[in-house]
Amino acid sequence: MNLVEYPLPGAWVREFTVAAPLDWSDPGGESIELFVREFTDPDRRHDDLPLLTYLQGGPGGANPRPAPVGGWLPEALAHYRVVLVDQRGTGRSTPVDGTDIAGFPHARAAADHLLHFRADSIVRDLEHVRTRAYDGKRWATLGQSFGGWITLTYLSHAPEALTACYVCGGIPGTPPDPDEVYRRTFERVADKTADFYRRYPQDVAAVAAIADRLAAGDVTLPDGSPLSVRRFQTLGAELGFGAGHQRLHWLVSEAIRRDGRFDGTFLQTVLVKTSNAGNPLFWTLQESIYGDGANGPFRWSAQRERDRRPEFAEDRRPLLFTSEMTFPWMFEEVRALRPFAPAMAELAEQEVWSPLYDPARLAVNDVPLAAAVYADDVFVDAGLQRDTLTRVGNAQTWVTNEYEHDGITDGRVLRRLREMVRDRGGEKR
């Protein structure tokens, strides 16, 4: 397993890899590599500690590389050996990028390849790591955002592996329906944009000036791709995080120089924030995470909802921002995503998906589940989360407006969730 160990301030780190099938229905076929990083309190690294595995948000997100060791991790290290498995296709777990996808002979083959990177395959990977590297010892899970999708899939397919599940802002609506998700989240991002302009009224004019300049055309980002108004609007994803309003304010307030040109730092920042070049699966799989059985095709659900909302038009002022929504034009304008365009056309027509959730099994679930639901979450609707939790056995819900979608960065959130489980009898053993 090529084990590597080393210290970090506040943690002892172990790293290794585990081989796994690309297609779990064909275990003898092509294989991929799963990268595992384990954190332990340095003073307890030789102890037989309970395990907790972190389920990263996304889709398409690798596990965090903490510098320094902070956020939720110190709280977890006080109680667990923490296991972080880079989700397949991300980080160091055989990452997928446009060059890989461009190598397939046709669009359907590329689309079929991308279907191997959904939550059901991730759960199979986690079970493989747990049984092979940890002798089948059961573990708790901590899921952030998309990590909650993985959590419900885990509880549907292998609940016997789990001692408890903690979820932060990530319970999916069930049965999954992207149309309903976007009906709600477009409303929420409009509210967030209005709140942004209330906080920084001077930015109404700043954003309008940027949009007017972009509408004139011929603005390119440092990688040579065009910067359109609609691409600029996707920066509204910032409004879903605790300090996001401030970050967006500083960005737009310093975007245009006195000579009328766009500032280089502005263009570089927009490129990084809107391309997701380091994790292209984020935009590629954004709607596919709602696929469950025969509930397709989705045919660009977010774009259909936007088309019904003229207030989001590029020429409207004040300009409204959008959020975590995938649109077909992204696969033309965003350079890192262009190779995915043919496969995305296939996925948009996908009718049947691998099953993710087992409603009957979730209804009788006995694994303790504690979920933080952020009342003002712009990405994962609070109402849909609460509705799903009413149909999951042994689930507790903490609804709060103290945090945005990144509330997990405060260690007190995990502490509260653990206390909720503790006060109902604790984790399973």
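A cavity is a set of grid points where a 1.4 Å probe fits but cannot get out. By this rule, this predicted model holds six cavities of 30 Å³ or more. Keep that in mind while we look at a strand, then return to the empty spaces.

UniProt, in an unreviewed entry, places the feature "domain: AB hydrolase-1" at residues 52–206. Over that stretch the chain is 46% helix and 14% strand. Its end C-alpha atoms are 45 Å apart.

Now find strand 6, residues 139–144. Six of its six residues are buried. In a regular strand the side chains alternate between the two faces of the sheet. Here Trp139, Thr141 and Gly143 point one way. Ala140, Leu142 and Gln144 point the other way.

Strand 6 has partners. Strand 4 (residues 51–55) runs parallel to strand 6, joined by five bridges. Strand 7 (residues 162–168) also pairs with strand 6 in the parallel sense, over five bridges. Gly143 stands opposite Leu55, and its bridge partner in strand 7 is Val167. From strand 6 the chain crosses through helix 5 (residues 146–157) to strand 7, a right-handed β-α-β crossover.

Back to the cavities. The largest has a volume of about 130 Å³. It is lined by 17 residues, and Gln286, Tyr290, Glu324, Phe379 and Val380 are the closest to its centre. The lining divides into 11 nonpolar, five polar and one charged. Helix 6 (178–199) gives the most to this lining, with three residues. Helix 5 supplies at least two.

The second largest cavity has a volume of about 100 Å³. Its lining has 14 residues. Helix 14 (341–348) gives the most, with three.

Key
Residues numbered from 1 in each chain as written. Predicted model: local features only at pLDDT ≥ 70, side-chain atom pairs only at ≥ 80, totals over all residues. Heavy atoms only, no water. UniProt positions renumbered as here; feature names shortened; annotations may be inferred. Helix = DSSP H or I, 4+ residues; strand = E, 2+ residues; numbered from the N terminus. Buried < 20%, exposed > 50% of the residue type's maximum accessible area, 1.4 Å probe, protein only. Pairing = 2+ DSSP bridges. Right-handed = clockwise from strand over helix to strand, strands pointing away. 1 Å grid on protein atoms, 1.4 Å probe; cavity = no way out; pocket = protein on both sides within 12 Å on 5 of 7 lines; lining within 4 Å. Points joined across faces, edges and corners; volume = space filled by probe spheres on them. Nonpolar A, V, L, I, M, F, W, Y, C, P; charged D, E, K, R; others polar.
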